[in-house]
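Trainee: I am new to this structure and would like a close look at a single part of it. Could you walk me through one strand and its surroundings, and then show me how another part compares in kind?

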Amino acid sequence: MMSLNCLFFLFRIVTEVAVGVKRGSDELLSGSVLSSPNSNMSSMVVTANGNDSKKFKGEDKMDGAPSRVLHIRKLPGEVTETEVIALGLPFGKVTNILMLKGKNQAFLELATEEAAITMVNYYSAVTPHLRNQPIYIQYSNHKELKTDNTLNQRAQAVLQAVTAVQTASTPLSGTTVSESAVTPAQSPVLRIIIDNMYYPVTLDVLHQIFSKFGAVLKIITFTKNNQFQALLQYGDPVNAQQAKLALDGQNIYNACCTLRIDFSKLVNLNVKYNNDKSRDYTRPDLPSGDGQPALDPAIAAAFAKETSLLAVPGALSPLAIPNAAAAAAAAAAGRVGMPGVSAGGNTVLLVSNLNEEMVTPQSLFTLFGVYGDVQRVKILYNKKDSALIQMADGNQSQLAMNHLNGQKMYGKIIRVTLSKHQTVQLPREGLDDQGLTKDFGNSPLHRFKKPGSKNFQNIFPPSATLHLSNIPPSVAEEDLRTLFANTGGTVKAFKFFQDHKMALLQMATVEEAIQALIDLHNYNLGENHHLRVSFSKSTI
């Protein structure tokens, strides 16, 4: 583990950036040399105390070829080297810096061009600020930054200290660093497997947890060998190492969803789509795709060659998190299961703008049951276009809200929010509430009663394509097409799986698919076979 002194130094750097410690003019750089293969300025000495800044033309060109040297403009007058260096730390090693105080500009050199590209892409989407003032970052015309270290001692001292923290390979005197901590991380990409996945784990949950340890640049999630897995890329291998040390073996939720983490042999992820399966946080312009797997074939091939296994058989023993700060980070705002911390959350949803002529407790139970085990449903007596739905736990209510808010049910766009109520009250005994309240606590149709059920791995947003299962041998394609057409929609495509026990069926719209699921989930097809219907991520 990284020494406490190193961690304390890094904390001081971050604090210094946040507070914006003032520096006197005696701390300004006194001289430097910029070198560029395409510039006649390679031998120019540029002083950064303002005296000779007129000799330096600056770089007003907004667009240019990628370079590992970045040009930073519009800096606040009192900004420090530490603050500028901190801008680049999440994306990779910073190898040099030149401050032009008189022009409110700086040049920052990163170890690789790829790191610089990632940094520019990220800050193109998220405007960086120093001391509450927006600044601007672009590629420099220069390919390398050369400075006179004798005249640039302060900046070099800051860089050396940051490098020591980044690599964790220079323990300070009087400290003890474990062998695993001083071994540099092989890759900024982590391979993550979720064991005992009792509750669904989303891309956003992973981002919330892992971003506590550094800037998460990219995430790809997928299922392999019937296990939910993910590849997650940090800007710096040190962040990946810190996350692995703190989170490997921890539970996301109490007693389940255990993180198994190792370094990937990949060093960069190629994300094609920004959707619920993959995300490139440096490229907000990416399309959402068409629901196809986000794992690039080249990455999939490389991933398949990696031989070390993350899953460890036998009982799981959660690893101790080293200190209170790391424990708070690992808890990730209550997401990670820690002793005495509940996954919690409100279990009751308020659903409004319902079609009061059509909606029933049973129809709400069937639709919301796709995302959790519905316990009780109450359509409000004095406001029949609204209902309260109690789920088994807060995670399921959050999942249902995320997926169903804004969807069309019986021709109306429904609104789903968390209710202020903690439970749905049943009517008093002997009171007739016209069947508006129903208790489903003992329903045999709950999809998620069994811990570790495969249903947890097959939770998808409403889509026009439905997955059908438990089909008896005597039922043909035409029978199913006719059955689903009778729900009022149009069947656009159909495909049996090889064993004919399952099939994909595509309706014309998502609304038609929702209606068909409500009407036909648990439909008796004969031969003691009740049809199972769920949303699919696939297309036909």
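Mentor: Happily; we will begin with the whole protein, go to one strand and its hairpin, and then visit a second region.

This is a predicted model, in which local features need pLDDT of at least 70 and side-chain atom pairs count only at pLDDT 80 or more, while totals for chains, interfaces and linings use all residues. Residues are numbered from 1 along each chain as its sequence is written, and side-chain values use heavy atoms, with hydrogens and water left out.

The protein has 13 helices and 26 strands; these are DSSP runs numbered from the N terminus, helices being H or I with at least four residues and strands E with at least two. Of its 540 residues, 49% count as buried, where buried means under 20% relative accessible area, exposed means over 50%, and partly exposed lies in between, with a 1.4 Å probe and protein chains only. Contact means heavy atoms within 4.5 Å. Among contacts between residues at least 6 apart in sequence, 72% join residues at least 24 apart.

Now to our strand, β5, which covers residues 105–110 and has six of its six residues buried. Gln-105, Phe-107 and Glu-109 point one way from the strand, and Ala-106, Leu-108 and Leu-110 point the other way. Both sets are buried.

Who are the partners of β5? Strand β3 (residues 69–73) pairs with β5 in the antiparallel sense over four bridges, and two strands pair if DSSP finds at least two bridges between them. Here Ile-72 stands opposite Ala-106. Strand β4 (residues 94–100) also runs antiparallel to β5, joined by six bridges, and Leu-98 has Phe-107 as its bridge partner.

β4 and β5 form a hairpin with four residues between the strands. One residue to look at in that loop is Asn-104. Asn-104 has a positive phi of about 55 degrees although it is not a glycine. Most residues other than glycine have a negative phi. Asn-104 counts as partly exposed because its relative accessibility is 30%.

Let us move on to the second region. Asn-522, in the loop between α13 and β26, has a positive phi near 75 degrees and is likewise a residue other than glycine. With 26% relative accessibility, Asn-522 counts as partly exposed.

On one side of that loop is α13 (residues 510–520), which packs with helix α10 (residues 361–368) at an angle of about 115 degrees, their axes 9 Å apart. That makes α10 roughly perpendicular to α13. Axes are lines fitted to C-alpha atoms, for helices over the stretch in contact, and angles run from 0 to 180 degrees between N-to-C directions. Angles under 35 degrees count as roughly parallel, over 145 as roughly antiparallel, 65 to 115 as roughly perpendicular and the rest as oblique. In this packing, Ser-363, Thr-366 and Leu-367 of α10 meet Ile-514, Leu-517 and Ile-518 of α13.

On the other side of the loop is β26 (residues 532–535), which pairs with β23 in the antiparallel sense over four bridges. Leu-468 stands opposite Val-533 in β26. β23 (residues 465–469) also pairs with β25 (residues 503–507), antiparallel and over four bridges, and there Leu-468 has Ala-503 as its bridge partner. Four of the five residues of β23 are buried.
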